[in-house]
Amino acid sequence: MNTNSLSLSIDGMTCASCVTRVEKALRKVPGVVSATVNLATERAEVQTSAGDAAALLAAVEKAGYAAHVHEDDEAPAAAAPAWPVIAAAALSLPLVLTMLLSLAGIDAMLPGWLQLLVAAPVQFVLGARFYRAGWKALRARTGNMDLLVALGTSAAFGLSVQQLLAHGGHGHLYFEASAVVITLVLLGKWLEQRAKRQATDAIQALNALRPQTARVRRDGVELELPIAQLRVGDLVVVRAGERMPVDGELLEGESHVDESLITGEGLPVLRQPGGRVTGGSVNGEGLLLVRATTLGAESALSRIVHLVESAQAKKAPIQKLVDRVSAVFVPVVLVIAVVTLLGWGLATGAWEQAVLNAVAVLVIACPCALGLATPAALMAGTGVAARRGILIKDAEALERARHVDIVAFDKTGTLTEGHPELVACEPADGDAPSLLADSAALQAGSEHTLAAAVLAAAKRDGIAITTAGQVRSVAGRGLSGEVGGRTLLLGSSRFMAEQGIDLSPLQARADALQADGRTVSWLAEAAPLSRLRGLLAFGDAAKPHAADAVRQLQALGVRCLMLTGDSAGAAAKLARELGITEVHAALLPQDKAALVETLRRGGARVAMVGDGINDAPALAAADVGIAMGSGTDVAMQAAGVTLMRGDPRLVADALEIARLTQRKIRQNLFWAFIYNVVGIPLAAFGLLNPVIAGAAMAFSSVSVVGNALLLRRWKGAAR
């Protein structure tokens with residue numbers, strides 16, 4: 001079944017109960033496979049086979065909320081205005097001050113009718129949003145935070161009006177309770193909105209990197225064009241200090257480029273002709289001419305933004321518990337409030353106090369913090385990770401990364417620089433130029449790093465490179481092809497053994513090279529004669545911070561392994577250099593995946609780190625696949641985590657931020673639940689004033705989001 005993904009922006013949600021209601025409404029639409037709603041981002045991610053956005057929007061509106069299809073370039077919502085909070089506070093202040101003075105023995109209470117005039121605008125004008133949203137919830141036969149606030153404050157206001165009419169203003173009035181509760185809730189929501197905007201600052205910062213125009217050279221004339229009018233292949237001129245408007249290939253000029261907000265790389269990177277540049281990075285000192293290769297939604301920046309947004313929109317597994325609680329939370333609170341009202345009224349006859357206690361129950365129980373606890377931490381964690389060059393695909397990958405106890409590294413391009421050089425070319429027949437020429441011909445169309453080293457050596461030696469025919473790649477083994485009427489084989493020792501090639505003439509030399517950490521490939525002729533032609537040896541230096549990465553992981557209690565298709569000798573030498581004690585060499589892609597599966601069946605939680613096509617099966621088999629962003633698209637597609645630069649220390653950083661984020665989620669859920677677990681009984685037993693209950697409810701939401709924002713202080717080791 002083919003499904004489409006639709007992203008909807010939802011307006012009007014206030015608590016976890018709203019999330020549950022919108023999800024239920026969306027899932028009832030024919031063709032919907034799944035629907036996930038995030039309170040913090042106010043977004044719904046829907047998988048549907050029907051592709052009918054109108055039906056989804058209608059379902060959301062029927063549930064009592066406004067919605068529209070989210071656009072990739074949609075501007076962030078405007079900041080919530082502060083004037084309702086200021087107005088409510090100004091009107092409530094006289095009521096609060098006179099109440100405090102009366103507690104101090106000073107009779108300064110305002111006349112009852114004046115209290116009514118001051119409190120009414122707060123209740124029915126500034127608090128109208130609670131009535132509107134609460135009425136929509138009632139029409140949908142459900143409840144939410146707004147309904148609880150509306151019922152609680154209306155009860156306090158109504159009781160005050162009844163006392164005013166019955167006693168002419170001489171009885172005790174509770175206008176200050178209703179007004180202050182509404183003021184505190186408005187203040188809490190305003191602070192919450194500000195905090196949520198801070199939690200999404202990573203997305204906003206990335207979106208701000210998109211230039212709106214580009215300087216394009218067409219037919220020898222430079223034109224200033226909107227980004228939307230650019231075409232692949234356009235020649236784009238980028239002056240010093242400007243942002244790169246496109247992903248592309250550098251044709252002319254040389255400059256240091258600041259990519260820090262995209263890859264997390266702290267220092268500017270030198271870019272020369274033939275190199276790649278990324279849209280959104282900042283050109284340093286040079287005048288550059290760039291050929292556009294990727295535009296729009298396919299650009300690296302757009303894909304990064306989409307990946308971070310997708311991770312923030314999806315729910316963590318622990319959120320399922322919150323959803324189950326939220327589904328019954330408001331009805332249970334309403335029952336408790338009714339029981340409190342009747343229990344106090346019937347037992348003591350003090351119906352006035354009974355109403356106040358019921359109001360306190362309704363106010364303290366508002367489930368705002370429950371709905372924000374998990375998504376706020378996810379937004380902050382994935383956002384700060386993205387700023388450090390770590391892209392986390394979804395919440396499940398984050399959850400699994402927290403439990404990782406084994407990290408398996410690929411070797412070439414992951415722990416090494418991935419730019420090997422040809423250090424030895426040793427023929428079996430004494431003809432080194434012919435050995436190099438035939439090897440280059442076989443690999444002329446290959447993008448493998450070893451092929452690049454062979455072609456560079458041939459070019460350096462002035463050898464003319466021909467093109468082989470019928471070239472066939474044998475995964476994990478090597479190549480075969482036709483050169484000058486001969487069938488040639490190029491590849492590993494295993495490949496040669498499978499083809500019956502005798503390696504003994506050069507085996508001792510190969511063993512010595514491998515013991516010195518070199519990677520050895522063999523060239524042989526399969527037809528018309530079957531004979532060994534020679535060997536090629538490659539050297540690839542370890543990445544500068546690879547040893548640090550291994551030490552950091554070991555400090556986190558993580559066991560490090562190396563899984564490589566390279567020879568045992570070359571792998572063992574690098575492993576000793578880096579401090580890795582367990583090495584599995586000469587592995588095919590399927591061998592890597594099988595070994596990862598074996599480790600998992602033994603109870604380990606495994607993360608696989610790789611960068612090549614041959615690593616994709618193992619990345620997919622692992623609990624968490626971690627792909628180097630400098631690697632292939634296939635590897636990144638199979639991985640749950642992508643590292644935007646080739647620094648292996650980011651692996652430890654990825655596991656650390658996963659653990660910190662999960663810790664914040666647990667802390668937030670504890671605080672969200674504890675406010676209600678402690679507050680509701682206190683309110684029901686008359687030990688909690690409605691004003692204090694309102695303050696606690698407002699503070700719970702702000703404290704949960706504020707706690708999540710502490711993650712923004714995390715810096716990571718790979719800076």
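Q: Where does Ala586 lie?
A: Ala586 is in the loop between β23 (582-584) and α21 (589-601). Helices here are DSSP runs of H or I with at least four residues, and strands are runs of E with at least two, numbered from the N terminus. The model is a predicted one, in which local features need pLDDT of at least 70 and side-chain atom pairs count only at pLDDT 80 or more, while totals for chains, interfaces and linings use all residues. Residues are numbered from 1 along each chain as its sequence is written, and side-chain values use heavy atoms, with hydrogens and water left out.

Q: Why is Ala586 called partly exposed?
A: Its relative accessible area is 37%. Buried means under 20%, exposed means over 50%, and partly exposed is in between (1.4 Å probe, protein chains only). The value of 37% therefore makes Ala586 partly exposed. The phi angle of Ala586 is near 55 degrees, a positive value in a residue other than glycine.

Q: What makes Gln470 exposed?
A: Gln470 has a relative accessible area of 67%, so Gln470 counts as exposed. This residue belongs to strand β17. Its phi is near 50 degrees, which is positive although the residue is not glycine.

Q: Why is Arg472 called exposed?
A: The relative accessible area of Arg472 is 51%, and therefore the residue is exposed. Arg472 is placed in strand β17 (residues 469-474).

Q: Which residues is Arg472 in contact with, leaving aside its neighbours within four places in sequence?
A: They are Gly478, Leu479 and Ser480. Contact means that heavy atoms are within 4.5 Å. Arg472 and Leu442 are 30 residues apart in sequence, and their C-alpha atoms are 9.4 Å apart.

Q: What makes Cys18 and Cys560 buried?
A: Cys18 has 0% relative accessibility, so Cys18 is buried. Cys560 is buried as well, because its relative accessible area is 5%. Over the 719 residues of the protein, 51% count as buried.

Q: How many disulfides does a search of the whole structure find?
A: The search finds zero. A disulfide is a covalent bond between the sulfur atoms of two cysteines. The criterion is a pair of cysteine sulfur atoms within 2.5 Å.

Q: Why is α14 called roughly perpendicular to α24?
A: The axes of α14 (residues 395-402) and α24 (residues 649-684) come within 8 Å and cross at roughly 105 degrees. That crossing is why α14 is described as roughly perpendicular to α24. Angles of 65 to 115 degrees count as roughly perpendicular, those under 35 as roughly parallel, those over 145 as roughly antiparallel and the rest as oblique. Axes are lines fitted to C-alpha atoms, for helices over the stretch in contact, and angles run from 0 to 180 degrees between N-to-C directions.

Q: Which residues make the contact of α14 and α24?
A: Helix α14 supplies Leu398, Glu399, Ala401 and Arg402, and helix α24 supplies Leu655, Ala658, Arg659, Thr661, Gln662 and Arg666. Four of these residues are nonpolar, two are polar and four are charged. Ala, Val, Leu, Ile, Met, Phe, Trp, Tyr, Cys and Pro count as nonpolar, Asp, Glu, Lys and Arg as charged, and the others, Gly among them, as polar.

Q: What makes β2 and β4 stand at the edges?
A: Four strands form an open antiparallel sheet in the order β2-β3-β1-β4. Strands β2 (32-38) and β4 (66-69) have a single partner strand each, so one side of each has no neighbour in the sheet. Two strands pair if DSSP finds at least two bridges between them. Neighbouring strands in this sheet are turned by 25 degrees against each other on average, direction ignored.

Q: How many bridges join strand β1 to strand β3?
A: Six bridges join β1 (residues 4-11) to β3 (residues 43-48), and the two strands run antiparallel. Leu6 has Val46 of β3 as its bridge partner. Helix α2 (residues 53-62) lies across β1, β2, β3 and β4, at about 160 degrees to β4.

Q: Which are the edge strands of the sheet β10-β9-β12?
A: They are β10 (269-271) and β12 (282-283), each of which pairs on one side only. This open sheet has three strands in antiparallel pairing. Strand β9 (residues 255-258) pairs with β10 over three bridges, and Ser255 has Arg271 of β10 as its bridge partner.
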